[in-house]
Amino acid sequence: MRRIPTVYYSSVQLCCTAEVIDSPQVELDVLRNRIRRIEPDSELADPSVRSHRLREIRALRLTISEVTGECKFGGNVDEAPHGSSHPAAGPE
């Protein structure tokens, strides 16, 4: 089977209000959540093992008020990928 290179990209701009989270417990919860989502099967130590390093990082809570963006589908795609409401772009 011969593979055809395809380019997909999306660009999104968020307008939001950022709130700095200063609670070490909430920062630990944010880190735990990130580890579970990004590396669910990893054997990484719980972030509390290095809780003395929390002062070196910041967690933000973003309240999104507006989202703008675009999606582009490669020219060799006949239709939009499953779950997308955007039509496929023709050849460039």
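How many Å² does the accessible surface of the protein come to, and what percentage of that belongs to carbon and sulfur atoms? In this predicted model, the accessible surface is about 7,900 Å², and carbon and sulfur atoms hold 51% of it.

**Exercise 1. Trace the fold.**
Work out the order of the secondary structure elements in the protein.

*Solution.* Start by listing the elements: there are one helix and two strands. Next, follow the chain from the N terminus, which gives the order β-α-β. Then turn to contacts with a separation of 6 or more: 64% of them join residues 24 or more positions apart.

**Exercise 2. Place E27.**
Decide whether E27 is buried or exposed, and find its contacts.

*Solution.* First locate the residue: E27 sits in helix α1, residues 24-38. Now take its relative accessible area, 4%. Buried means under 20%, so E27 counts as buried, a class holding 11% of the 92 residues. Finally, leave out residues up to four places away in sequence; E27 then touches I21, L54, I57, R58 and A59.

**Exercise 3. Map the nonpolar patch.**
Find which residues make the nonpolar surface patch and which element gives the most to it.

*Solution.* Begin with the members: V12, L14, V20, L60, L62, I64 and V67 form a patch of about 630 Å². Assign them to elements next: β1 (9-21) and β2 (59-72) each give two or more residues. With four residues, β2 gives the most. As a last step, look at V67, which lies in strand β2. Its relative accessible area is 53%; exposed means over 50%, so V67 is exposed.

Terms used
Residues numbered from 1 in each chain as written. Predicted model: local features only at pLDDT ≥ 70, side-chain atom pairs only at ≥ 80, totals over all residues. Heavy atoms only, no water. Patch = residues over 30% accessible without salt bridge, like charges linked within 9 Å, V, L, I, M, F, W, Y side chains within 5 Å. Areas by Shrake-Rupley, 256 points an atom, 1.4 Å probe, with all protein chains shown as cover. Salt bridge = Lys/Arg side-chain N within 4 Å of Asp/Glu carboxyl O. Buried < 20%, exposed > 50% of the residue type's maximum accessible area, 1.4 Å probe, protein only. Contact = heavy atoms within 4.5 Å.
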